[in-house]
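Q: Could you take me through one part of this structure, slowly? I'd like a close look at the sheet and what packs on it.

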Amino acid sequence: MTIAVTRSGVPETNVHGVETNAETNADKSTGASAAETRTDNNTVDTSAPDGTVKFLSVGGLELEAGGFLPDVTLAYETWGTLNADRSNAVLVQHALTGTTHVTRGASDEEGWWEQLAGPGAPVDTDKYFVVSINIVGGCYGSTGPSTPAPDGKPWGSRFPLVTLRDTTAAESRLADALGIESWYAVLGGSLGGARALEWAVSYPDRVRRCAVISIGASSTAEQIAFAQAQTLAIRQDVNFNDGDYYGGPEPEAGLALARRIAHITYRSAYELETRFGRNAQSSESPLEAVSLGGRGRYQVESYLDHQGTKLVRRFDANSYIAITEALMSHDVGRGRGPLKDALARATAEFFIAAVNTDRLYFPAQSYELAAALPGDVPVHVIEAPIGHDGFLTEIGQLSTQLRQNFFA
C-alpha cells in the first residue's frame with residue numbers, strides 16, 4: 001500500500017492508484033487505514049497480507065556525495081512466500097514518482113504493473129517472493145525530505161543529496177533483514193531500470209538476473225537538462241521557501257509545472273498530435289480573448305494541467321527534487337572505468353528492453369548498454385505509439401520473452 005504525504009511530513013494514510021504515466025494516480029487523503037502495517041521499525045514484519053506497506057529501519061547511511069542520514073527507514077511491500085532456500089526473491093523497482101504497490105495482493109486496489117506481476121503473470125506471485133521498496137528520498141514511507149529529522153522537524157532544505165548508489169546500499173540492508181542473500185531477479189523501468197542496473201553492478205554476487213527497461217547506462221546531458229528545468233520550476237515557486245515549506249503553503253504551482261515538463265517527455269509527439277491536435281478544450285477558445293490572460297486552452301494544455309494537478313494531490317515537491325537529483329546522478333560507470341569495464345563487474349543474466357517511440361530515454365541508449373554488456377545481449381523492443389510510458393502500459397508485449405528468458 002502507499003502512504004500519502006501529510007503537511008507535517010509524517011506518513012499518514014494509504015492510497016493506491018494505477019501508474020499510467022511512469023507514476024501513480026493516488027491522491028492524498030486523511031484517516032486511518034488497515035492497509036498500513038506498523039511494527040517495530042527494527043524488525044521484519046512477516047504477518048502482514050500481500051500488498052501491505054511495511055517499514056524497516058536500516059540504520060545510518062553514509063552518502064556518496066558526503067552527507068549522512070542517521071537513521072533510514074524503508075517502506076516496502078511483499079507478495080508471495082520466500083521459499084526454504086531463499087532463492088525465489090524478485091525485486092521490482094518503481095519509477096520516478098511511483099509507489100511500492102506493484103500489484104494488488106490482498107487488496108482490490110490495482111497496482112501499477114499488473115501486466116507484469118501477480119498470480120499467473122510473468123512475475124508470478126504464486127511462485128516468486130516479490131519485493132518493492134520505496135526509494136530513499138521518497139514520500140511514500142521511506143526516509144525523505146518530508147519525514148522528521150533527529151530534531152523532530154521535517155528534513156526540508158537539510159535533506160542531503162542521495163545518489164542511486166546510496167539508495168541501493170540502503171536496499172541491500174533490507175534484503176539482509178529479509179534473509180535474501182541474492183535476488184532471483186531485479187527489474188524495473190525508467191528510474192526503476194537504473195536502480196536495477198546499479199544493483200547488478202554494485203552487488204554482482206546478489207543479482208542473478210537483471211531486467212533494465214527504457215533507460216541506458218547513464219543519464220545524458222539532454223535528460224539532465226529536462227530534469228533541471230523541472231527542479232527549477234519547483235525551486236522558483238514563491239512558496240518553496242528553500243525547501244522549508246512544511247506547515248505552510250506548499251509549492252504546488254511549481255510542482256505542477258515540473259510535472260507538465262516531465263509529462264511532455266513521457267509521451268510521443270505522435271500521441272499528442274493524434275489525441276489532441278489543435279483542438280480547443282470543450283467550450284474554450286484559444287483564439288478568442290481581449291487579452292492574453294483571458295484566452296481559452298487547447299486540449300493538450302488542459303491535459304497537461306490535469307497531469308500537474310494529479311501529481312500535486314499525491315506527491316511532495318522536495319521528494320520530487322530529491323529523486324530527480326538521484327536520477328540525474330545515474331551513471332553506472334562513474335568511478336569504475338570505461339563502461340565495458342564497469343559492466344564486466346556484473347555476473348547477472350541481462351534482459352534489456354526499449355520503447356520504439358521513447359523520446360526521453362532513446363532506444364539507442366538501450367542498444368549501447370546491451371553492446372557494452374558481457375556476451376551477446378539482445379534488445380527487446382516494445383512497439384507503443386505513446387512514447388516512454390509504453391514501458392508501463394505495454395509491458396505485456398514482453399510477457400513471452402520474460403517467461404522464456406527469466407521466469408520460466
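A: Here is a walk through the sheet, strand by strand and then helix by helix. This is a predicted model, where local features need pLDDT of at least 70, side-chain atom pairs count only at pLDDT 80 or more, and totals for chains, interfaces and linings use all residues. Residues are numbered from 1 along each chain as its sequence is written, and side-chain values use heavy atoms, with hydrogens and water left out.

Okay, the sheet. It's an open one with eight strands, in the order β1-β2-β6-β3-β7-β8-β9-β10, and the pairing is mixed. Strands here are DSSP runs of E with at least two residues, and helices are runs of H or I with at least four, numbered from the N terminus; two strands pair if DSSP finds at least two bridges between them. At the edges sit β1 (54-62) and β10 (379-382), each pairing on one side only. On average, neighbouring strands are turned by 25 degrees against each other, direction ignored.

Let's zoom in on one pair. β3 (residues 89-93) and β6 (residues 129-133) run parallel and are joined by three bridges. For L91, the bridge partner in β6 is V131.

Now for the helices. Helix α2 (residues 191-202) packs on the sheet and touches β3, β6, β7 (185-189), β8 (209-213) and β9 (349-355), where contact means heavy atoms within 4.5 Å. The direction of α2 makes about 150 degrees with that of β7; axes are lines fitted to C-alpha atoms, for helices over the stretch in contact, and angles run from 0 to 180 degrees between N-to-C directions. Helix α9 (residues 363-372) lies across β8, β9 and β10, at about 165 degrees to β9.
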